[in-house]
Amino acid sequence: MLEKPTWKSTLKGFLYLLPALLILIIFNIYPIIRSFLMSFYTDYDYFNDIVHEYGFDNFIAIFQDPNFITALKNTGIFVLGVVPISIFLSMGIAVLLNNKIKLAGFFRTIYFLPFVTSVVAVSIVWSWIYHSDYGLLNYFLGWFGIDPIAWLNDPNYAMPALIIMSIWKGLGFNIIIFLAGLQNIGEQYYLAAKVDGASAWKRFTNITLPLLSPTIFFVSIISIINGFKVFDEVFALFNGRPGPANSALTVVYYIYQKFYEEWQFGLASTAAFVLFIIIFIFTIIQLVIGRRFVHYN
Amino acid sequence: MDIRLNNLTMVFDDITAVDQITTTIKDGELVSLLGPSGCGKSTTLMLLSGLYKPTSGQIFFGDQDVTKMDAEKRGIGMVFQNYALYPHLSVLKNIMFPLKMKKVPKKEAMERAKEMAELVQIGHLLDRKPGQLSGGQQQRVAIARALVKKPNVLLLDEPLSNLDARLRLEMREEIRRIQQEVGITAVFVTHDQEEALSISDRVMLMKSGVIQQESRPQEMYKRPENEFVASFLGNPPINLLTMKKIENGYQLEKSAHSLLFSNLATYPKSIRVGIRPEDFFVTKDNPRFTGEIIHIETIGRDTLIRMQIGDTTIRALVDPVHQLKVGATCGLDGKEENIHFFDSASGQRIETVERGEKHA
């Protein structure tokens, strides 16, 4: 493939890209542009699709809305709570599973199961686990003399409950990705490190971590983006409410409320746009950090 | 420090990779483990390194029994076939790695690493990453990394097999030079006989997990102890002719050729006679072998002919001064001391005795 692109080859290339591109443009790109524009509608007749006035009113409005601020805060807490723990846990489990252990395939399946199970089913199970009177979790906590906690009804515990479930749910996917990354690290480096006198821990910090860094980087970007977009878990776990007293109100949930419940299309678009900017900034920050610490072969 | 192997055995599932090896590698010696693939030479090296633990038997470094000691603690240097340089570390950091693991102060570690880099002549490449080096340079880094911690033993696992032919020649001389400069005991695994014969003090030829012969390179070539050793060494390979005992000598199978050997230690029913192609010469004066030339090829300074005797084809490297033609009949002979005899049943060498001595 040393040929230079010609008009003919470019055209042929586009032809292959067309089917996927068409779908992406219609269902992703066009709506993104429309919602971006919509966030600037200040006076809008949505029955006749006539915009009377553009402006920044929506941006001013949502930042003055205490619910939106709560949503931002909750989303931030959620990301902070889920992402680091999930990465550490899944990396740890992946390293264990990567060892030559018996039934490794069985455990891999077990850990991957939550990921393929529907969020609604998972949430039903977890709302039972979290049940304040009959829940499994409170039952275990009872062994240690801890009084029953109203996980889903106490505003102080709703967010932790959501975080725990989300970590558990996301674990499988991350483990699989980490396992793939671990299996890409050649056995010879470990043998060489052994001969060079590196203990198991030294081998982990000096070989596994640096050579796994592209995977860690990938998983952390995906996890953060997914964390900011959290919605289904909230909706399903709290039966279509954003938790008690908005304690689990996330940005996407806020968008959903504005769009489907209050028909405030402008505000919903604005919130979506703000979320997009936040995710964009975080991704840029990660790319900058990644360039310094991530080693690519 | 001598390395002693005592009845060393390694069994993988149901395959015996190394079978009861007992030998000693002397201090400062460069020993080659030579053999076809799957003969157990690499396994033996892995056992020496401690990366594998033997099924039975012992390994001694000097007086110390290291059989159960982990690779981390054996104090060995190893060069892997694919070099296994840490891809995320610079050349300098790669060489410093073993010292870092030993908690040598950073300044000292850096000095020692640089010294070692000079020894292997890569002082100008210290800031590069392994991916930016050529095969030969990576090889040098791997040697420097193996030697920097001043190990007792240097183990080399087919270190030249990933290099191109010319570089291989250069690097094997380099390995020899470095080994002698440092004065380290080295064990070198290879499947390439030329490599083994050219650089080692001693060669151990292995097959099916058993050492077939261990001796100095020339001796192994001149006096193979069994048929396998004879056939493994030499290129083009040795001619092995199966001969059956007849009344007063041996007869080549399916031919009228019979030969009289009166100086063998024993006379089994069937023997294999080995003569290296270069040990033949063309003669008209009562040659041992006569046959039709079926092929002639000239490669550089050598002329290789193939001659048909009955069902047997023999190869001979002959002097180009003889004007030979395909289809012509030709006589070949070899000096008595260059003819090897093996018992067909056991494959073992049959010694020759001085003429007359036998019946004395």
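Let's start at one spot in chain B: helix α4, residues 135-147, lies across the strands β6 and β7 (153-157) of that chain, and α4(B) runs at about 170 degrees to β6(B). Keep in mind as you look around that this is a predicted model.

The two strands under that helix belong to something wider. In chain B, six strands make up an open sheet with mixed pairing, and you can walk across it in the order β6-β7-β8-β3-β9-β10. At its edges sit β6 (76-79) and β10 (210-215) of chain B, each of which pairs on one side only. From one strand of the sheet to its neighbour there is a turn of 20 degrees on average, direction ignored.

Now go over to the β10 edge. Here β9 of chain B, residues 202-207, pairs with β10(B) in the antiparallel sense, over five bridges. If you want one pair to click on, try L205(B), whose bridge partner in β10(B) is Q213(B).

Step back and take in chain B as a whole. Its secondary structure adds up to eight helices and 20 strands. The chain has 360 residues, and 52% of them count as buried. Its C-alpha atoms fill a box of roughly 80 × 45 × 40 Å along the principal axes. Chain B carries 47 positive and 47 negative side chains, with the centres of the two sets 5 Å apart. About 17000 Å² of chain B is exposed, and carbon and sulfur atoms supply 46% of that.

Chain A has its own make-up: twelve helices and two strands. Its C-alpha atoms fill a box of roughly 75 × 70 × 30 Å, again along the principal axes. Of its 297 residues, 41% count as buried. Chain A exposes about 17600 Å², with carbon and sulfur atoms supplying 70% of it. As for charges, chain A has 17 positive and 16 negative ones, and their mean positions are 21 Å apart.

So where do the two chains come together in this tour? Look at helix α8 of chain A, residues 187-195, where the buried residues are Y189(A), Y190(A), L191(A), A192(A), A193(A) and V195(A). What covers the buried residues of α8(A)? The cover includes α9 (200-228) from chain A itself, along with α1 (41-49), β6, α2 (91-101) and α4 from chain B. That brings us back to β6(B) and α4(B), the strand and helix of our starting point. Just past the end of α8(A), G197(A) takes a positive phi of about 90 degrees.

Definitions and conventions
Residues are numbered from 1 along each chain as its sequence is written. Chains are lettered from A and ligands numbered from 1 in the order in which they are written. Side-chain values use heavy atoms; hydrogens and water are left out. Helices (H or I, at least four residues) and strands (E, at least two) are DSSP runs, numbered from the N terminus. Buried means under 20% relative accessible area, exposed over 50%, partly exposed in between (1.4 Å probe, protein chains only). Accessible areas come from the Shrake-Rupley method with a 1.4 Å probe; for residues, only the protein chains shown count as cover. Lys and Arg count as positive and Asp and Glu as negative; His and the chain ends are not counted. The place of a charge is taken as NZ of Lys, CZ of Arg, CG of Asp or CD of Glu. Two strands pair if DSSP finds at least two bridges between them. Axes are lines fitted to C-alpha atoms, for helices over the stretch in contact, and angles run from 0 to 180 degrees between N-to-C directions. Contact means heavy atoms within 4.5 Å.
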